[in-house]
Every structure is written in C-alpha cells, then in structure tokens.
Amino acid sequence: MTRAQTTMDFAAGVSVFLVTVAFAFAFVPGITTPFTGAGAGDPVSANRIADDLATDSLGAPEDPYRLDAEQVSSFFADGTDPAARLPIESYRNVNATLETPDGAVAVVNGTTAAAGDAVPQDGDVTVAWRIVDVDDRTLELVVRVW
C-alpha cells in the first residue's frame, strides 16, 4: 500500500478551503453593507414607511395607493416629528413629502404635505418613492431616511 497521494490531496483540499475563505471575506461584507451601520441610510425602513403610508396609514387598506385627503392633511398638519409617529429607530430621522409631478411640495386641503426635518445635503440618505392618488391627483410620496 502506497501513500504517495496524501500530501497532494492535503494540498488540494487546503487550497480549495483558502480560496473559499478568501471569496467569503471579499464579498460577504459588501452584501450586508446596505443593512448595517448606524450612520448609513436605511433602505428597509424607508421602504417599510413608504408602504405603510401609501397602503394603510393615509388611506384604506382595501384601496392601496389611493390616499384619503383628510387623513393626509391630518398627518402633515400634525406638528410632531414624524420619526415619533412612524415605525423607525429612535436614532434615525425621516422626512415624508407629497410632491407634484414637477417636484413641488403638494398642498392637500390647504395643508403643505411635508413633514420632518430638512434633509442633509451631505449625508447618506435613503429615498423611497410611491406613486399615489389624492383627490384624483397623481402625486409622488417621497420618504427620506437618514
């Protein structure tokens, strides 16, 4: 019985293992980067808030993306920070705005449809958009999280 292959088999196995470990360290941090870090944007929260506002909170769940004008004006007229009213971590900021097709802030029932702090110009901000209908007007719900 000869054992001449043992060293070669060990070298091949270790090589495959090292290549696999190197591949994991090279690509796994990039995969989780958008979802980690307190100073980074938060795409999960931005999309969750946009969906909640467009399909449930500002309208009727049975008619998603068609917002009720009274609920919209009540939400935006409330002077409190929207981060306190929306499902988001306490260390994050949120800005929710209804915009017209030309990018201006919409006015619904006499209320300017914008809530939240001013968006930082140099920060990492995540934006989620939803096309909604308010009083037969097509508007864009823009949620920014940073």
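Biologist: Over how many bridges do strand 3 and strand 6 (residues 114-116) pair?
Modeller: Strands are DSSP runs of E with at least two residues, numbered from the N terminus, and two of them pair if DSSP finds at least two bridges between them. Asn 95 has Gly 116 of strand 6 as its bridge partner, and Thr 97 has Ala 114. The sense is antiparallel, and the count of bridges is three.

Biologist: What kind of model is this?
Modeller: Residues are numbered from 1 along each chain as its sequence is written, and side-chain values use heavy atoms, without hydrogens and water. Local features need pLDDT of at least 70 and side-chain atom pairs pLDDT 80 or more, while totals for chains, interfaces and linings use all residues, since the model is predicted.

Biologist: Which residue of strand 8 (residues 137-145) stands opposite Ala 96?
Modeller: Strand 3 also pairs with strand 8, in the antiparallel sense over six bridges. Opposite Ala 96 in strand 8 stands Val 143.

Biologist: Which are the edge strands of the sheet?
Modeller: The open sheet has six strands in the order 1-2-7-8-3-6, with mixed pairing. An edge strand pairs on one side only, and this holds for strand 1 (59-60) and strand 6.

Biologist: How many residues of strand 3 (residues 94-99) are buried?
Modeller: Buried means under 20% relative accessible area, exposed over 50%, and partly exposed in between, with a 1.4 Å probe and protein chains only. Val 94, Ala 96 and Leu 98 point one way, Asn 95, Thr 97 and Glu 99 the other way, and all are buried. The strand is mostly covered, with a buried count of six of six.

Biologist: Why does Asp 68 count as partly exposed?
Modeller: Asp 68 lies in the loop between strand 2 (63-67) and helix 3 (69-77); a helix is a DSSP run of H or I with at least four residues. Asp 68 counts as partly exposed because its relative accessibility is 35%.

Biologist: Which residues gather in a patch of negative charge on the surface?
Modeller: Patch residues have over 30% relative accessible area and no salt bridge, and like charges are joined within 9 Å; a salt bridge is a side-chain nitrogen of Lys or Arg within 4 Å of a carboxyl oxygen of Asp or Glu. Asp and Glu count as negative, placed at CG of Asp or CD of Glu, and areas come from the Shrake-Rupley method with a 1.4 Å probe. The patch consists of Asp 68, Glu 70, Asp 135 and Asp 136.

Methods: Patches are made of residues with over 30% relative accessible area and no salt bridge: like charges are joined within 9 Å, nonpolar side chains (Val, Leu, Ile, Met, Phe, Trp, Tyr) within 5 Å.
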